[in-house]
Amino acid sequence: MARRTKQEAAATRAALLDAAEEVFLERGVSRASLEVISRRAGVTRGALYWHFRNKGDLFRAMLERVHLPFEDLLNQLDDSSVDHHPLEAIRLSCHVGLRQADTPRHRRVHGILLHHCERTDDFDPLEAKAEIARETCQALLRQFKQAELKQQLRPGLSPERATDLFHYALSGLFWEWLRAPQAFTLSERGPALVDDLISLIGRD
C-alpha cells in the first residue's frame with residue numbers, strides 16, 4: 001500500500017508539472033493560475049500545494065526536470081581516456097547533452113523561460129538563466145584550465161576566453177533552435193559546431 005501511495009504521489013507530481021508546461025506556454029507564467037494548472041492536471045489545489053509551495057516552486061521544479069548539469073554529462077562518459085584529454089571530455093559531453101536536450105519537453109520549458117516568463121514575487125527568470133549559465137561556465141572553465149596545464153589550448157588563448165567563446169557560441173545555437181525549432185535539430189547541427197569549436201580552441 002505504501003509503495004502504491006508513493007507511486008501515486010509521483011504520478012500526481014508529474015501530471016502537475018506536465019500541466020504547468022502547457023499552461024505556462026499558453027498563458028505566460030504571470031497569467032497562469034494555480035487553479036487552472038491543478039484543473040488541467042485533474043487534481044485539487046490542495047494536492048498541488050502538497051507538492052509545491054507556490055508558483056515559483058512549481059516553475060523551478062519544471063525547470064529542474066530538464067536541467068542537464070555539465071558535471072553530470074561528464075560523469076556519463078564511459079571512457080577513462082578523457083581524464084587526460086579535457087578538450088575531448090568537453091566535446092563528448094556536449095554531444096551527449098545536445099542529444100538529451102533535443103526533445104519537445106526541453107524546447108517547451110526553455111522556450112517558456114526565454115519568451116513566456118516575467119518576474120514575479122515567487123520567481124526571477126533572469127536569475128534562473130544566470131544560475132544555469134554560471135554553473136555551465138564554471139564547469140567549462142575547470143576543463144579549459146586543465147587543458148591549459150596539459151598544453152592542449154591554442155597558444156595565446158586563455159581558459160577564460162575559451163570559456164566565453166564556447167559559451168556564447170552554444171548559447172547562440174540554443175537561441176536559434178528555440179526561435180525556429182523546425183529549421184534544424186540540436187542533434188543534427190550541434191555536434192558539428194562543437195567539433196569545430198574544439199578544433200579552433202585546441203592546439204594544432
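This report walks through a predicted model of one protein chain, from its overall build down to a handful of residues.

## Before you start

Because this is a predicted model, local features need pLDDT of at least 70 and side-chain atom pairs count only at pLDDT 80 or more, while totals for chains, interfaces and linings use all residues. Residues are numbered from 1 along each chain as its sequence is written, and side-chain values use heavy atoms, with hydrogens and water left out.

## The whole chain

Let's start with the big picture. The protein chain has 10 helices and 0 strands, so its pattern along the sequence reads α-α-α-α-α-α-α-α-α-α. Helices (H or I, at least four residues) and strands (E, at least two) are DSSP runs, numbered from the N terminus. Along the principal axes, the C-alpha atoms fill a box of roughly 60 × 40 × 30 Å.

How much of the chain is tucked away? Of the 204 residues, 40% are buried. Here "buried" means under 20% relative accessible area, "exposed" means over 50%, and "partly exposed" is in between (1.4 Å probe, protein chains only). As for contacts (heavy atoms within 4.5 Å), take those with a separation of 6 or more: 68% of them join residues 24 or more positions apart.

## Surface and charge

The protein chain exposes about 11,500 Å², and carbon and sulfur atoms supply 50% of that. Accessible areas come from the Shrake-Rupley method with a 1.4 Å probe, and for residues only the protein chains shown count as cover.

On the charge side, there are 29 positive and 30 negative side chains, with the centres of the two sets 5 Å apart. Lys and Arg count as positive, Asp and Glu as negative, and His and the chain ends are not counted. Each charge is placed at NZ of Lys, CZ of Arg, CG of Asp or CD of Glu.

## Where H7 meets H9

Two packed helices are described by the angle between their axes and the distance between the axes. Helix H7 (residues 104-115) and helix H9 (residues 159-179) pack at about 100°, with axes 10 Å apart. Axes are lines fitted to C-alpha atoms, for helices over the stretch in contact, and angles run from 0 to 180 degrees between N-to-C directions. H7 and H9 are therefore roughly perpendicular (65 to 115 degrees; under 35 counts as roughly parallel, over 145 as roughly antiparallel, and the rest as oblique).

Which residues meet here? From H7 come His106, Arg107, His110, Gly111, Leu114 and His115, and they meet Phe174, Trp175, Trp177 and Leu178 in H9.

## More along H9

Threonine 163 also sits in H9, and with a relative accessible area of 4% this residue is buried. Leaving out residues up to four places away in sequence, threonine 163 touches Cys137, Leu140, Leu141 and Phe144.

Serine 171 is another residue of H9, but serine 171 is partly exposed at 33% relative accessible area. Its C-alpha is 15 Å from that of arginine 161, and the two are 10 residues apart in sequence.

## Buried spots in H6 and H8

Is isoleucine 90 buried or exposed? At 0% relative accessibility, isoleucine 90 counts as buried. You'll find isoleucine 90 in helix H6 (residues 86-101), touching Phe70, Leu140, Gln143, Phe144, Phe166 and Ile198 once residues up to four places away in sequence are set aside. Leucine 73 is 17 residues away along the sequence and 9.1 Å away in space, C-alpha to C-alpha.

Over in helix H8, we have alanine 128, buried at 10% relative accessibility. Not counting neighbours within four places in sequence, alanine 128 is in contact with Leu63, Leu113 and Phe123. The C-alpha atoms of alanine 128 and leucine 63 are separated by 9.0 Å, with their positions 65 residues apart along the chain.

## Two loop residues

Glutamine 151 belongs to the loop between helix H8 (125-149) and H9, and glutamine 151 is exposed at 57% relative accessible area. Its phi is near 60°, a positive value in a residue other than glycine. Most residues other than glycine have a negative phi.

Phenylalanine 184 is in the loop between H9 and helix H10 (186-201), yet phenylalanine 184 is buried, at 7% relative accessible area. Neighbours within four places in sequence aside, phenylalanine 184 contacts Leu173, Glu176, Trp177 and Arg189.
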